[in-house]
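Visitor: I would like to go through this model and ask what lies behind each label. Could you take me through the reasoning?

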Amino acid sequence: MKSLNLTTQRQAVYDVVRRANDHPTAAEVMNRLVEQGYNFAYGTVYNSLRYLTEKEMIRELKLGESASRYDAKLDDHQHILCEVCGRVDEVMTRVPDDWSNAVAKETGYDVHHAHVVFGGVCPACQSKK
């Protein structure tokens, strides 16, 4: 494992992301820290998120939105994004091996991993129709 320097601030940020079920943005992480009584500068939160991502303790998700989201669940899984409210959920269905093989054949790449983002309308938004 990479050498870690988990300051109080980094540990607090990590704990927020680890406990979250909704893949929070940096602003949402900041708000949750404030709710817990922390008073960190925005730069500290952003730098902590970058550090934790570089140390592979969390994953940065760029899901086509303006703001990145963060996920502490590092096992192989995909995501689905509600096109109405922006909710993000995890999809545990594996990407089929034949997809990776087809991509490798098409591009010439040696494919190591895949991250698929599905788009749709979540159940809550469907019920509002």
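Visitor: Which residues in α1 are buried?

Guide: This is a predicted model. In α1, the buried residues are R10, A12, V13, Y14, D15, V16 and V17.

Visitor: What covers the buried residues of α1?

Guide: The cover includes α2, α3 and β2 (69-71).

Visitor: How do you know that the span of α1 is close to the one expected?

Guide: Set one value against the other. α1 has 12 residues and runs 17 Å from its first C-alpha to its last. At 1.5 Å a residue, 16 Å is expected, and the span is close to that.

Visitor: Which residues have the most contacts inside the largest nonpolar core?

Guide: They are V29, L33, V45, L49, L52 and I58, in a core of 17 residues. α1 (8-19), α2 (26-35) and α3 (42-54) each supply at least two residues of this core. α1 gives the most, with 5 residues.

Visitor: What is L52 in contact with, leaving aside its neighbours within four places in sequence?

Guide: L52 is in contact with L6, R10, V13, Y14, M57 and I58.

Visitor: What makes the charged end of R10 count as sitting over the ring of Y51?

Guide: The charged end of R10 is 3.6 Å from the ring centre. The cut-off is 6 Å, together with an angle within 35 degrees of the ring normal. R10 is placed over the ring of Y51 by that rule.

Visitor: Why is there no bond between the sulfurs of C122 and C125?

Guide: The closest cysteine sulfur to that of C122 is in C125, 3.7 Å away. A disulfide needs sulfur atoms within 2.5 Å. The two are therefore too far apart for a bond. By this rule the structure has 0 disulfides.

Visitor: Is C122 called buried or exposed, and why?

Guide: Buried, because its relative accessibility is 7% and the cut-off is under 20%. C125 is also buried, with a relative accessible area of 7%.

Visitor: What is the phi of H23, and where does H23 lie?

Guide: H23 has a positive phi of about 55 degrees, although it is not a glycine. H23 lies in the loop between α1 and α2. Most residues other than glycine have a negative phi.

Visitor: Which label fits H23, buried or exposed, and which fits E56?

Guide: H23 has a relative accessible area of 3%, so it is buried. E56 has 53%, and the cut-off for exposed is over 50%. E56 is therefore exposed. E56 is found in the loop between α3 and β1 (59-61), with a positive phi of about 60 degrees.

Notes: Residues are numbered from 1 along each chain as its sequence is written. This is a predicted model: local features need pLDDT of at least 70, side-chain atom pairs count only at pLDDT 80 or more; totals for chains, interfaces and linings use all residues. Side-chain values use heavy atoms; hydrogens and water are left out. A nonpolar core is a set of buried Ala, Val, Leu, Ile, Met, Phe, Trp, Tyr and Cys residues joined through side-chain atoms within 4.5 Å. Buried means under 20% relative accessible area, exposed over 50%, partly exposed in between (1.4 Å probe, protein chains only). Helices (H or I, at least four residues) and strands (E, at least two) are DSSP runs, numbered from the N terminus. Contact means heavy atoms within 4.5 Å. The expected span of a helix is 1.5 Å times one less than its number of residues.
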